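Colleague: I want to learn how to read pockets, ligand contacts and odd peptide bonds. Can we take them in turn?

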Amino acid sequence: MTDLCDPAAVRRLLEENGLAPRKAFGQNFLINPAIPAEIAEVSAAAPFFWEENRTEGTCALEIGPGLGALTRELAARYAAVTAVEIDRGLIPVLAGTLADCPNAEIVEADFMKTDVPALLSRFGGKPVHVAGNLPYYITTPILMRLLESYPADGSSPIRRITLMVQKEVADRLCAPTGSDVCGAITVSTALYGRAERRFTVSAGNFYPAPKVASAVVTIETYPHGLYDLYPDAPRGEAFAPFFARVRDLIAAAFGQRRKTLTNALSGLYPREDAAAALRRLGLREDVRGEKLSALDYCQLADELK
Ligand code: SAM
């Protein structure tokens, strides 16, 4: 069996198949065997935050298996693994590198065009952990697609997402409220679960080496959906319009982050209404959007209904 983390073997394997790393698909293959093993360990570990997320028979979905280095580690820890790979040229290579992993299945697709619930239905309703060493160019859309593919007012079959991302994206995802790196993705992710940085990975661990450092983050989803963050969120039919307001507020606040929040929201609400709602929440009228947490945005959406 080819050593998938030996740089010379990786080059040879690609050459034998008439391939080379494709920049357009963000292909940087892991060449330190400790890293895929550690990502899989973190992915399969006991719940970090909620005991309710400890579930039997959890399956794994991998995005971008490449040559299969992480897929093999996942297959050793999960009952079943489905890996979605966009690069048609890698599909026959994966058939070889995963030949001794009968619980691993490859789907040739662009993850951004897949129907996520249909994809996960192959696990028969079992809980799912997502893992991937993501192409840098598409990290945020992939993460939001994962989070938004199930209604936010209940538990998602996706209990944990473990991703290798550019270090700056990891900083943003895990940023404390109010910090300079806090962005729309920080607050939007916090509507679905809790993000935490696990470890950093330097560029020398990849072939070819990227220009940036990377970090692995986990997002453990709320077992009861948004109610774990904001127990007062409306229930039943009132949830959808409430949640749409929360998202509109976040989009407006971070769309014009140099402005005060009341100014940034002026296209949605009369200035005086927004200012009064902020006062009722004990916030300053001239506060900027990044100073509010995901919970603050939920409370503000309730105030502005
Ligand atoms: N998992 C391998 C590893 O760690 O060595 C490869 C990681 S490489 C950074 C990213 C992988 O994602 C590549 O195999 C690439 O072809 C694949 N990929 C890129 N865009 C994709 C997409 N939209 N859907 C599915 N796979 C994609």
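Modeller: Start with terms. On a 1 Å grid over the protein atoms alone, a cavity is a set of points where a 1.4 Å probe fits but cannot get out; a pocket is an open set with protein on both sides within 12 Å along at least five of seven lines; lining residues have an atom within 4 Å of a point. A molecule sits in either one if more than half of its atoms lie within 2 Å of its grid points. Here, the ligand takes up the largest pocket.

Modeller: Two notes on the source. This is a predicted model, where local features need pLDDT of at least 70 and side-chain atom pairs count only at pLDDT 80 or more, while totals for chains, interfaces and linings use all residues. Numbering runs from 1 along each chain as its sequence is written, and side-chain values use heavy atoms, with hydrogens and water left out.

Colleague: What volume does the largest pocket have, and which residues are closest to its centre?

Modeller: A volume is the space filled by probe spheres set on the points, and grid points are joined across faces, edges and corners. For the largest pocket that is about 430 Å³. It has 32 lining residues, and G64, G66, E85, N133 and P135 are the closest to the centre.

Colleague: Which residues come nearest to the ligand?

Modeller: A residue counts as near if one of its heavy atoms lies within 4 Å. There are 21 such residues around the ligand, and L30, G64, E85, D110 and N133 come nearest.

Colleague: How do I read the polar contacts with the ligand?

Modeller: Look for pairs of N or O atoms within 3.5 Å. A backbone N or O atom of G64 is 2.8 Å from a ligand nitrogen. D110 puts a polar side-chain atom 2.9 Å from a ligand nitrogen. In N133, a side-chain N or O atom lies 2.8 Å from a ligand oxygen. The protein covers 99% of the 590 Å² of accessible area that the ligand has on its own (Shrake-Rupley method, 1.4 Å probe).

Colleague: How many cavities of 30 Å³ or more are there?

Modeller: Rolling a probe the size of a water molecule over the atoms shows where empty space is left. The search of the whole structure finds one. The largest cavity has a volume of about 100 Å³. Among its 14 lining residues, L147, G154, S156, Y192 and T221 are the closest to its centre.

Colleague: Where is there a cis peptide bond?

Modeller: Most peptide bonds are trans. A cis bond joins Y207 and P208, with omega about -10°.

Terms used: A polar contact is a pair of N or O atoms within 3.5 Å; within protein, one must be able to donate a hydrogen and the other to accept it, and residues adjacent in sequence count only if both atoms are side-chain atoms.
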